[in-house]
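Got your viewer open? Good. Let's take a walk through this one, stop by stop.

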Amino acid sequence: MLPSLAKPLKSEQAEEKSECGLRPRKMEIHLPNVPVMEIFSYLDAFSLLQAAQVNKSWNLAATSDSLWRKLCKKRWLCYDLSLDTLGAQTWKEYFLRKTRQEHSMSRAKPEDFIYKEMSGDFGVEGTAYYLSGSGLTHNGQGKSIVCVVTSMTRLTTWDIREGAMTWVSPIQPTCIMRLATLPELRLAITVDMEATIKVWNCYDKDALATNSMFASCQILKAVLTKDGPIVLAGDDSGNLHTFRIPDLHLISRVHAIEFAINQLHCSPQRKWVYLNKKHPHVWPKVYLMKSLLRPSEYPTPVCTTINYTLSFKAFWTPRREDRITLLSQRGPRQVSKFVTFDIELERTEDGIDAKARPVASFTLPSDVKAPEWMGVSDKDVIVCSSGTSLLVYNMKGFQLQRLQDYPAEIMRLLVDPLHVIVTYMDGSLEVYMWEESSPYLKKCYHLQNPRHMGRQSLKLGGVVLGSQPGESIRAPPAPNVGASKVLQVDCMAPPKEKQGMGEEEGS
């Protein structure tokens, strides 16, 4: 409480009798509106919900959309999306619903999941992307839709809960080579073998817009930025193309590196774009996103070079905008090293410049099998796969955990601020959760692939869902099979939602 701001006012809620037996005195401590809002802006969600139960004026202040929008942006990076797009009436409603979804996923049991198979020719990789939200929906309503290329020349969408195809595009003139989605706007973007890029809404027959890159596309990423939705495309000549969505107007094209771009990662709030190719003569580059989106304001894009070669994985620290960790492997023994950099802006006489400052590094012991996948938590903890083990390190290289809960080879990691999802070569998966008050992982549950539980059937491919909208879904390689014929999905049957986080009806 701030005594200098407190004022005794009449109230019907507080009543005290004096020791002299005089009539009851009604009073309540109030704070002026502006200081209350400022104080509440420092509270977390649980504290806001508690404050809302004090009295009517505090309830009104604690349910302010500006406070809950700030919490949502900090936790999920919602940018300037409208509540209609997010399917909520208030930011408080959206925050509580998303939190319940996260808790439901963490507390789930294997019997809460439904196993589905979708038949089709999904190509050798069997890669799919979410076209709609990947989380649980409010009261079990709504659908999760994925988008996948079938027969190399068609784009299709699937309802993963029903295991049914919901839309198919016309046959394309040439093979579709790259696919990306923007689930927030329910749009898909494709690039074919002739470098033709298209935007689809996945319910009309024809594409919404078409353009050409004039060079083969190596990597494709669709993102929402403060300047609007865009798609970033790296080609085999080292150029980065930035297109506006949905009309595919070319905003900018910059020559980034001398070789094909095959690594492209945006920082959590889309401030930076990381580009690279694993090559002894290529140093990664990091571009300031707004300098790519505003060429008239930035005739020369703002960028910095990271003086470190042969990195093949990169991961931005969640809920932090300027920190990135690289994983490299060098030499015939594939010695693995993690290096973390802070990307900083500095004012110069000519405007602004960027630089990469190393903050930590360590090399894995020689007896550790070279990792293929990695991720970083918002506590600056690094997790990586090593054969059948999951390894957890701090930034200085101290091993915090070695988890080996399943004997199969790890195929992929999906890491976000809350969970680590481990997928295995046999199609099963393990879900872990970051502990809130420590840097450690705790196991939530294991989902076994039904095809590996005694059934006599050939495994042709498997798929496990990613943890974030827009996340790719990849099948493990099918043994002795040229194309994956079965898309396998574990989807959650949502339990009945309960009230949480101290919320009361009507608050």
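Among contacts between residues at least 6 apart in sequence, what share joins residues at least 24 apart? Here that share is 48%. Keep in mind as you look around that this is a predicted model.

**Stop 1: the whole protein**

Start with everything selected, in cartoon view. You're looking at 507 residues, and 51% of them are buried. The secondary structure adds up to seven helices and 35 strands. Now switch on the surface: the accessible area comes to about 24,800 Å², with 51% of it belonging to carbon and sulfur atoms.

**Stop 2: a pair of helices**

Hide the surface and select residues 65-76, which is helix 4, along with residues 91-107, which is helix 6. These two pack at an angle of about 35°, and their axes lie 8 Å apart. Their crossing is left-handed.

Next, show side chains where they touch. On the helix 4 side, pick out Asp 65, Trp 68, Arg 69, Leu 71, Cys 72, Arg 75 and Trp 76. On the helix 6 side, the contact residues are Trp 91, Lys 92, Tyr 94, Phe 95, Lys 98, Thr 99 and Glu 102. Try colouring them by class: you should get seven nonpolar, one polar and six charged residues.

**Stop 3: a four-stranded sheet**

Move along the chain to strand 22, residues 311-316, and strand 25, residues 351-363. They are the edge strands of an open sheet, and each pairs on one side only. The sheet has four strands in the order 22-23-24-25, with antiparallel pairing. On average, neighbouring strands in this sheet are turned by 25° against each other, direction ignored.

Zoom in on one edge. Strand 23 covers residues 323-330 and runs antiparallel to strand 22, with five bridges joining the two. To find one of the bridge pairs, click on Trp 316; its partner in strand 23 is Ile 324.

**Stop 4: a hairpin**

For the last stop, select residues 410-415, which make up strand 30. Are they mostly covered or mostly open? Mostly covered: six of the six residues are buried.

Now add residues 419-424, strand 31, which pairs with strand 30 in the antiparallel sense over five bridges. Follow the backbone from strand 30 into strand 31 and you'll trace a hairpin, with three residues making the link. Right by that link, have a look at Val 415, whose bridge partner in strand 31 is Val 420.

Definitions and conventions. Residues are numbered from 1 along each chain as its sequence is written. This is a predicted model: local features need pLDDT of at least 70, side-chain atom pairs count only at pLDDT 80 or more; totals for chains, interfaces and linings use all residues. Side-chain values use heavy atoms; hydrogens and water are left out. Two strands pair if DSSP finds at least two bridges between them. Axes are lines fitted to C-alpha atoms, for helices over the stretch in contact, and angles run from 0 to 180 degrees between N-to-C directions. Buried means under 20% relative accessible area, exposed over 50%, partly exposed in between (1.4 Å probe, protein chains only). A crossing is left-handed if the near helix is turned anticlockwise from the far one by less than a right angle, and right-handed if clockwise. Contact means heavy atoms within 4.5 Å. Ala, Val, Leu, Ile, Met, Phe, Trp, Tyr, Cys and Pro count as nonpolar, Asp, Glu, Lys and Arg as charged, and the others, Gly among them, as polar. Accessible areas come from the Shrake-Rupley method with a 1.4 Å probe; for residues, only the protein chains shown count as cover.
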